[in-house]
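Subject: Structure for your review

Dear colleague,

Please find the structure below, together with its sequence. A summary of what was found in it follows.

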Amino acid sequence: MSKGILARLRLSSLRLRLVVVFALVALTAAVAASGIAYWLNREAVLTRTQDGALNDFRQEMQNRAATLPLRPTEDDLRRTAEQMASGSAGYQVLLLGERAVGKPIVGASDPDDFTLADVPRPLRDAVDTERPVTEANPYPYHLFWQRTERDGTPYLVGGTRIDGGGPAGYMFKSLAAEKADLNSLGWSLGIATALAVAGSVLLAQVAATTVLRPVHRLGEAAKQLGEGKLDTRLRVTGADELADLTRTFNSAAESLQKKVADMSAREESSRRFVADMSHELRTPLTALTAVTEVLEDEQDSLDPMIAPAVALVVSETHRLNNLVENLMEVTRFDAGTARLVLDEVDIADQITACIDARAWLDAVDLDAERGIVAPLDPRRLDVILANLIGNALKHGGSPVRVSVRTEDDELVIAVRDHGPGIPEEVLPHVFDRFYKASASRPRSDGSGLGLSIAMENALIHGGSITAANSTGEDGAVDGAVFVLRLPLDASGITREVQTRSSQGEVEEA
């Protein structure tokens, strides 16, 4: 088996399981077949040899031993045993008689090879036992046999007695040749089993490759589809289940590509609509703003009945103006046209300027060391800080505390209030656009885009914002905490954004 196959087996658990299952099935079948074949051949070989030798021995006992006198001499027994053993059956013979009552004599064809000690005692007892003669048993003595072993060599021992007081005879045949034949057969069956297992492994490898290659291609195609290559398709071959699966994948990919294209078109249309609408609203808003500024200057001299309406117009005009500006900012983020304009920013000075410009100095505590300088976009940092601090002042409780620290290569700005905190079910959605914690929430001056715009500005810097609740010493919620994390060096982020922008322009061109 090649190294490539072994590597694939190690790397693919499904392939390994297929190979193991094939090998186990082949091994079980081969072992079962080999075992049955060995057992059948063993019984056939031993039975044939055993029957041939015993039948020949019985015939020799009838032809030769039965002709001996009732009281034979030792020479008579030896000579007759040698004659019986000289046949083609290849066994040794031992005859046991009596020269007088109670005086046994033994004659052996080869005393050095076969003696009375080689005959098992149970066999001798069975041979010497006289049985009653009946219709079912016409003979008092029968032929008995037993397989035994001497010095690792198997032997067949058989014995019987001549009816009417004749001698008892025993034969002793070596089964070494049969054992050698059976050992050879066992080795052959073992080799055949090993070859069958090896062949099954190769067949399993071929089958696994045939089955898993389309599955692998399907997995690679699914991976490409997940990476956004929606035009990925597979070539369909055959008419089996894998071909049906490939057709289903192609159909799903085509449907997904169409739906994504439709969604992208609708999203692009929506962005264009918002951008166009925001742009078109700026001209009338400019005029409205100029009028409201005049009305705001003259508000003190207006009729008391008209003043509330004028105040409402001025407030709503400012709110509409902020909403349009936020919508235009959102469309820039969605279109990918937002850009960082980096400058060396003293963080403490930037936060102080943000708070002072909005007259929040009395409501905000600042904990920031002087001298922390980082290359950031001042305008976007101001937007982030204004949204976080303004949100804390509007929905939290005074005092609002802003703390600044550095951790490794990050700038960490935490804005904490002492209000009721943020409900747990609202926390995952605080940065969603236009999210309302409750459908019955009273109308507010905000646009619902402030925190989402803050998050977008943090992301474009390569940073993030997290929201959580802080707890007091008694474990109760004691306000909300927004943590802004920005890299101390955003120049690499700027280069990456510019590179992606250039690539996008080339692709569009």
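R64 has a relative accessible area of 32%, and therefore counts as partly exposed. Please note that this value, like every other in this message, is computed from a predicted model.

R64 has a charged partner. Its side chain meets that of E60 in a salt bridge, with 2.8 Å from N to O. Is E60 buried or exposed? E60 is buried, because its relative accessible area of 16% falls under the 20% cut-off. As general background, side chains of opposite charge can pair when their charged atoms come close.

Across the whole structure, a search finds 17 salt bridges. Two others deserve your attention.

In one of them, D113 pairs with R150, and the closest N and O atoms are 3.2 Å apart. D113 sits in the loop between β2 (103–108) and α4 (121–128), while R150 belongs to strand β3 (residues 144–150), so this salt bridge ties together parts that are 37 residues apart in sequence. D113 is partly exposed, at 25% relative accessible area, and R150 is also partly exposed, at 24%.

In the other, the side chains of R485 and E407 form a salt bridge of 3.1 Å, N to O. This pair links distant parts of the chain, 78 residues apart: R485 is in strand β12 (residues 477–487) and E407 is in strand β9 (residues 400–407). R405, E407, E410 and R485 are joined into one network by salt bridges that share partners. R485 is partly exposed, with a relative accessible area of 26%, and E407 is partly exposed at 30%.

The helices also offer points to examine. Does the length of helix α5 agree or disagree with its number of residues? Helix α5 (residues 176–226) has 51 residues, which at 1.5 Å a residue should span 75 Å; the end C-alpha atoms are 72 Å apart, so the two values agree. Along the way, α5 bends by about 30° at L212, and a proline, P214, follows within four residues. Just after α5, G228 takes a positive phi of about 100°.

Finally, there is a nonpolar patch on the surface. L16, V20, L24, L27 and V31 make this patch, which covers about 400 Å². One of these residues, L27, is found in helix α2 (residues 13–63). L27 counts as partly exposed because its relative accessibility is 38%.

Yours sincerely,
A colleague

Key: Residues are numbered from 1 along each chain as its sequence is written. This is a predicted model: local features need pLDDT of at least 70, side-chain atom pairs count only at pLDDT 80 or more; totals for chains, interfaces and linings use all residues. Side-chain values use heavy atoms; hydrogens and water are left out. Patches are made of residues with over 30% relative accessible area and no salt bridge: like charges are joined within 9 Å, nonpolar side chains (Val, Leu, Ile, Met, Phe, Trp, Tyr) within 5 Å. Accessible areas come from the Shrake-Rupley method with a 1.4 Å probe; for residues, only the protein chains shown count as cover. A salt bridge is a side-chain nitrogen of Lys or Arg within 4 Å of a carboxyl oxygen of Asp or Glu. Helices (H or I, at least four residues) and strands (E, at least two) are DSSP runs, numbered from the N terminus. Buried means under 20% relative accessible area, exposed over 50%, partly exposed in between (1.4 Å probe, protein chains only). The expected span of a helix is 1.5 Å times one less than its number of residues. The bend at a residue is the angle between axes fitted to the seven residues ending there and the seven starting there.
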